[in-house]
Amino acid sequence: MFEVNLAYFPIGRTTFEMEVAERYFRESMELLGGLTPYLMAPDSILASVEEMSSFIQAHPGFKPDLIVYQSITFADAEYIVNLMEQYDVPILVWSVREPSVGGRLRLNSLTGGNSTCNALHYFERDYDFMLGNAAEPQIARKLRAKLAAFETAAKLRRLTVGVVGEHPAGFYFSGVDERLLAKTTGVKLQRLNLQQLFEEAINVPEEQYAPLIEAAAAKVVGLNRGEDPTIKFAQFAAYLRQLFDERGIKAAAMRCWPDFFVELGAAPCSTLSQFIEDGLVSACEADINGAVSMYIQQELSGGLPPYLGDLVHVDEEMNTVSFWHCGAGAYSLANPSTGAKAGVHPNRKMGFTLEFGLKAGQVTISRLSQTSKGYRMLIMRGEALDRPQQFAGTSGEIRLNGNANEMVCSLMADGFEPHYSIVHADIAEELKELCKRLGIEAVIYP
């Protein structure tokens, strides 16, 4: 169920075949009622402009986020012009199938939808169109994608990202134009001093950090509970999570190297992994747009953990690409044949990090990308393969829906950032809808 205020306007003229129209109305009501508890809907088809006006007047306090305007039968543009005078929100125009071919035109719904879209376009209103009956899978898919985008856009306007330390020198893509980010998405930033956090975290008592060690040990193969890096991970993660909860921070962009190794004496990957596993998306190298990308994927997928990785390898023969990072990733993303194993950082030789290859399944790869002209969204789909871990740390081999070499060259030509967010779900349609809501370009591969 989505937390979106939805207003349903089923429009029909009684000069058409109302028995079929009523059946379509009931089926549509059942579908919409299963998508959101915040549904404003009439008890029957609105058969005149006067009936529509009375319906609106009966719900004076309801402020819809989206209107579903269903031309169950043909109706002229008088309805939609009157409706536009009452609401200034996006409108989804819905035409249903003609029930039979031959003889009388029983509903003429498509012409009604055409007339409606013509008027909306003339008045430069925000609208979309779909054709089909409530029982058709693509109708429910379209509605779910649209509602998920509305809900996620609203959550972004309430999102605060905790920026823990500054990004490494030269990692310009990790920074943002803070005002542009807020204007485009509504996301706010709260900056924290990493060194101060290190100093304060070492005072966290055992009774406060021990549960984190037990939670990690239950999911990470070979974790040594008593090692100093494990204890420091738990102290830091427990302290930071409490601070985030107190401040309403729901995502993090964290400076990781060299500070964690030099000053804390523990790999940052374990903290990032634990947070992502717990539903608090966290990007390494203080990548702010990376954190927002992960948050978007998590919300659009219904809470699945995303993976943030570098694009590191192309296998032309297998038509695959590989994504990798030093040792961060939600434990539940590991291939079940091995599970998530405890390791040490491949360069710094300090624990604890995660060692695994991604589990298999359909994935969506995306990135909220900032250019000199503003924001855009990368959208790609592929399949994570059931393959052994390729590189020390965490990695995944993915077959893209297109020529891998050509797509990688296009990514370079288009100048996308080297951090990509990956989630085990097909949310391409949801991402496209979100781009409409944010007013940014959707860059779709292929």
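Q: How close do the axes of helix α8 (residues 206-217) and α9 come, and at what angle do they cross?
A: They approach within 8 Å, with a crossing of roughly 115°. Axes here are lines fitted to C-alpha atoms, for helices over the stretch in contact, and angles run from 0 to 180 degrees between N-to-C directions. Helices (H or I, at least four residues) and strands (E, at least two) are DSSP runs, numbered from the N terminus.

Q: What makes α8 roughly perpendicular to α9?
A: Set the crossing of roughly 115° against the classes: under 35 degrees is roughly parallel, over 145 roughly antiparallel, 65 to 115 roughly perpendicular and the rest oblique. That makes this pair roughly perpendicular. The crossing of α8 and α9 is also right-handed, a term for a near helix turned clockwise from the far one by less than a right angle (anticlockwise would be left-handed).

Q: What kind of model is this, and which parts of it count?
A: It is a predicted model, in which local features need pLDDT of at least 70, side-chain atom pairs count only at pLDDT 80 or more, and totals for chains, interfaces and linings use all residues. Residues are numbered from 1 along each chain as its sequence is written, and side-chain values use heavy atoms, with hydrogens and water left out.

Q: Which residues of α7 and α9 are in contact?
A: Contact means heavy atoms within 4.5 Å. Leu194, Leu197, Phe198, Glu200 and Ala201 of α7 meet Gln235, Phe236, Tyr239, Leu240 and Leu243 of α9. By class, that contact has eight nonpolar residues, one polar and one charged. Nonpolar covers Ala, Val, Leu, Ile, Met, Phe, Trp, Tyr, Cys and Pro; charged covers Asp, Glu, Lys and Arg; the others, Gly among them, are polar.

Q: How are α7 and α9 oriented to each other?
A: The axes of α7 (residues 194-201) and α9 (residues 228-247) come within 9 Å and cross at roughly 115°. The two helices are therefore roughly perpendicular, and their crossing is right-handed.

Q: Why are β7 and β10 called edge strands?
A: Strands pair if DSSP finds at least two bridges between them. The open sheet has four strands in the order β7-β6-β9-β10, with parallel pairing. β7 (188-192) and β10 (281-283) each pair on one side only, and they are the edge strands. The twist from one strand to the next averages 20°.

Q: How do you know that β6 and β7 pair?
A: Five bridges join β6 (residues 160-164) to β7, and the two run parallel. Valine 161, for instance, stands opposite leucine 189 in β7.

Q: Which helix lies across β6, β7, β9 and β10?
A: That is α12 (residues 288-300), running at about 155° to β10.

Q: What is the strand order in the open sheet of five strands, and which strands are at its edges?
A: The order is β2-β1-β3-β4-β5, with parallel pairing. At the edges are β2 (39-40) and β5 (127-131), each paired on one side only. Helix α1 (residues 18-33) packs on this sheet, touching β1, β2, β3 (66-71) and β4 (91-95), and its direction makes about 175° with that of β1.

Q: How many bridges join β1 to β2?
A: Two bridges join β1 (residues 6-11) to β2, and these strands run parallel. Methionine 40 in β2 is the bridge partner of alanine 7. Helix α2 (residues 49-57) lies across both strands, at about 160° to β1.
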